[in-house]
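Grab a pencil and open the 3D view. Below are some short exercises, each with a solution you can follow step by step.

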Amino acid sequence: MPQDHDLSRLSPATVAVSGGRPARVQGAPVNPPIVLSSTYVSQGEPGPAPELLYARSGTETWLPFEETLAALERAELPALVYGSGMAAIAAALSLIPHGGRVVVPRHAYQVLHGYLADLTARSRVEVVVVDIAETDQVIAALTPGTSMLWIESPTNPMLEVADLPALIAAARAAGALTVVDNTFATPLVQRPLGLGADVVVHSVTKYLAGHSDVVLGAALSDDPALHARLLAYRTLHGAIAGPAEVYLALRGLRTLALRVERAQANALELARRLSEHPDVVEVRHPGLPGDPGHARATAQMTGYGAILGVRPTGGADGADAVVAALRLWVPATSLGGVESSIERRRRFGTESITVPSDLLRLSVGIEDVEDLWRDLDRALRGR
């Protein structure tokens with residue numbers, strides 16, 4: 001998509017608004033159009049990409065979003081959009097060879113662990129589980145022959161913060177690829193490629209699209225060979241996105257900076273208040289000075305994110321009672337939308353048993369913080 005300016009010279013907030021716009025010619029639309037076509041006019045020997053032939057291989061409706069996300073991550077190569085976050089994760093995990101070894105966080109997106117179990121059965125992949133915030137433990141696990149280090153930071157749902165520079169450097173020294181799931185942080189808060197990560201993945205469903213109305217994923221790599229493999233996986237496995245969904249994701253991306261700024265401010269204020277609430281046992285949020293990840297997050301991130309971990313009094317039953325008593329917060333399993341949502345994570349039998357049974361994961365949205373607080377306080381006190 002032609003640009004009238006160098007996006008790398010602009011702030012992320014401006015990139016989110018300006019990236020992926022059509023060329024400025026008289027009568028041109030301000031927004032890129034949705035092209036609804038499965039195939040394209042083509043004859044003779046096909047030329048090199050990005051010649052359009054068939055929509056499974058590529059479509060012009062993907063390009064504005066892919067280029068804008070790449071600019072936000074400061075990637076040299078375009079992002080690759082997938083039909084879901086799990087499709088992007090599967091593409092990244094396909095980089096592990098048969099019989100390879102992958103080091104993964106104990107606390108991470110639960111479907112990642114489910115996919116790894118399936119991969120172990122099919123491809124004899126060895127999975128080593130670590131506490132990603134324990135840097136020495138992770139480095140010790142990066143033994144010779146390790147194929148990949150998978151990092152979530154902050155982790156889902158425990159909000160642990162990994163030492164990204166140290167772990168990425170250690171993985172590189174061990175000859176392992178590093179993949180970072182940047183969904184929680186977004187490229188506005190941290191850019192793992194700039195720290196040396198080989199691949200970054202996103203659940204676009206969450207903050208990037210931001211309105212709980214699409215299911216999409218994305219992967220990025222500045223290594224041409226890895227980028228080619230991720231692209232080939234998408235094409236061969238048909239892990240593609242619909243044009244209307246990608247258009248909606250780009251529209252959502254335009255307000256990413258505003259949404260993240262408001263959601264982070266709301267989250268930090270709620271974390272402070274909840275940490276002093278008589279009906280709360282524990283609050284996890286990297287923005288709290290007493291949080292185990294605070295110093296590390298302050299050093300390597302430009303914000304603290306908008307996810308909270310809260311343990312109310314009364315155990316799992318007490319946590320369920322809080323969710324049931326809320327009127328504004330939405331009980332839902334996803335996150336990163338404009339609306340604030342909440343769920344008890346151990347309601348899923350597949351969640352890690354080291355996640356406390358009473359842990360509530362709060363995805364803080366962009367509503368008025370006082371309304372959010374009144375709803376939470378009432379639910380906590382009135383069970």
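**Exercise 1: the start of a helix**

Find out which residue caps the N-terminal end of α12, and then describe the helix itself.

*Solution.* This is a predicted model, so keep that in mind as you read the distances.
- Step 1. Look at Asp-368: this residue caps the N-terminal end of α12. One of its side-chain oxygens sits 2.8 Å from the backbone nitrogen of Glu-370.
- Step 2. Follow the helix along. α12 covers residues 369-381, 13 residues in total, and its first and last C-alpha atoms are 18 Å apart. That's close to the 18 Å you'd expect at 1.5 Å a residue.
- Step 3. Check which side chains are tucked away. The buried residues of α12 include Val-369, Leu-372, Trp-373 and Leu-376, and also Asp-375 and Asp-377.
- Step 4. Ask what covers them. Among the covering elements are the helices α9 (256-274) and α11 (315-325), along with the strands β8 (280-284), β9 (307-312) and β12 (360-363).

**Exercise 2: the sheet of 5 strands**

Work out the strand order of the open sheet of 5 strands, and say which strands stand at its edges.

*Solution.*
- Step 1. Read across the sheet: the order is β8-β9-β12-β11-β10, and the pairing is mixed.
- Step 2. Now the edges. β8 and β10 (330-331) each have a single partner strand, so one side of each has no neighbour in the sheet.
- Step 3. Zoom in on β10. Its partner is β11 (residues 341-344); the two run parallel and are joined by 2 bridges. Pro-331 has Ile-342 of β11 as its bridge partner.
- Step 4. Add the helix on top. α9 lies across β8, β9 and β12, and runs at about 20 degrees to β9.

**Exercise 3: the sheet of 7 strands**

Do the same for the open sheet of 7 strands: give its order, its edges and a helix that packs on it.

*Solution.*
- Step 1. The order is β1-β7-β6-β5-β4-β2-β3, with mixed pairing.
- Step 2. The edge strands are β1 (80-82) and β3 (126-130); each has a single partner strand, so one side of each is left without a neighbour in the sheet.
- Step 3. From one strand to the next, the twist averages 20 degrees.
- Step 4. At the β1 edge, 3 bridges link β1 to β7 (residues 217-220), and these two strands run antiparallel. Tyr-82 is the residue facing Gly-217 in β7.
- Step 5. Helix α6 (residues 164-173) packs on this sheet and touches β4 (148-152) and β5 (177-181). The direction of α6 makes about 170 degrees with that of β4.

**Exercise 4: two residues in loops**

Decide whether Leu-326 is buried or exposed, and do the same for Gly-303.

*Solution.*
- Step 1. Place Leu-326: you'll find it in the loop between α11 and β10.
- Step 2. Its relative accessible area is 7%, and the cut-off for buried is under 20%, so Leu-326 is buried.
- Step 3. Look at its surroundings. Leaving out residues up to four places away in sequence, Leu-326 touches Ile-342, Asp-375, Leu-376, Arg-378 and Ala-379. You've met Ile-342 before, as the partner of Pro-331, and Leu-376 as a buried residue of α12.
- Step 4. Turn to Gly-303, in the loop between α10 (294-300) and β9. Its relative accessibility is 10%, so Gly-303 counts as buried too.
- Step 5. Gly-303 touches Val-189 and Gln-264, again not counting residues up to four places away. Gln-264 is 39 residues away along the chain, yet the two C-alpha atoms are separated by 7.4 Å.

**Exercise 5: backbone oddities**

Locate two cis peptide bonds, then two residues that have a positive phi although they aren't glycines.

*Solution.*
- Step 1. One cis bond joins Ser-153 and Pro-154, with omega about -5 degrees. Another runs from Asn-156 to Pro-157, with omega near 5 degrees.
- Step 2. Where are these prolines? Pro-154 is in the loop between β4 and α6, and Pro-157 is in the loop between β4 and α6 as well.
- Step 3. For positive phi, try Arg-74, at about 55 degrees. Arg-74 sits in the loop between α2 (63-72) and β1, and at 31% relative accessibility it counts as partly exposed.
- Step 4. Thr-186 has a phi of about 65 degrees. Thr-186 belongs to the loop between β5 and β6 (199-203), and at 2% relative accessibility it counts as buried.

Notes:
Residues are numbered from 1 along each chain as its sequence is written. This is a predicted model: local features need pLDDT of at least 70, side-chain atom pairs count only at pLDDT 80 or more; totals for chains, interfaces and linings use all residues. Side-chain values use heavy atoms; hydrogens and water are left out. Helices (H or I, at least four residues) and strands (E, at least two) are DSSP runs, numbered from the N terminus. The expected span of a helix is 1.5 Å times one less than its number of residues. Buried means under 20% relative accessible area, exposed over 50%, partly exposed in between (1.4 Å probe, protein chains only). Contact means heavy atoms within 4.5 Å. A polar contact is a pair of N or O atoms within 3.5 Å; within protein, one must be able to donate a hydrogen and the other to accept it, and residues adjacent in sequence count only if both atoms are side-chain atoms. Two strands pair if DSSP finds at least two bridges between them. Axes are lines fitted to C-alpha atoms, for helices over the stretch in contact, and angles run from 0 to 180 degrees between N-to-C directions.
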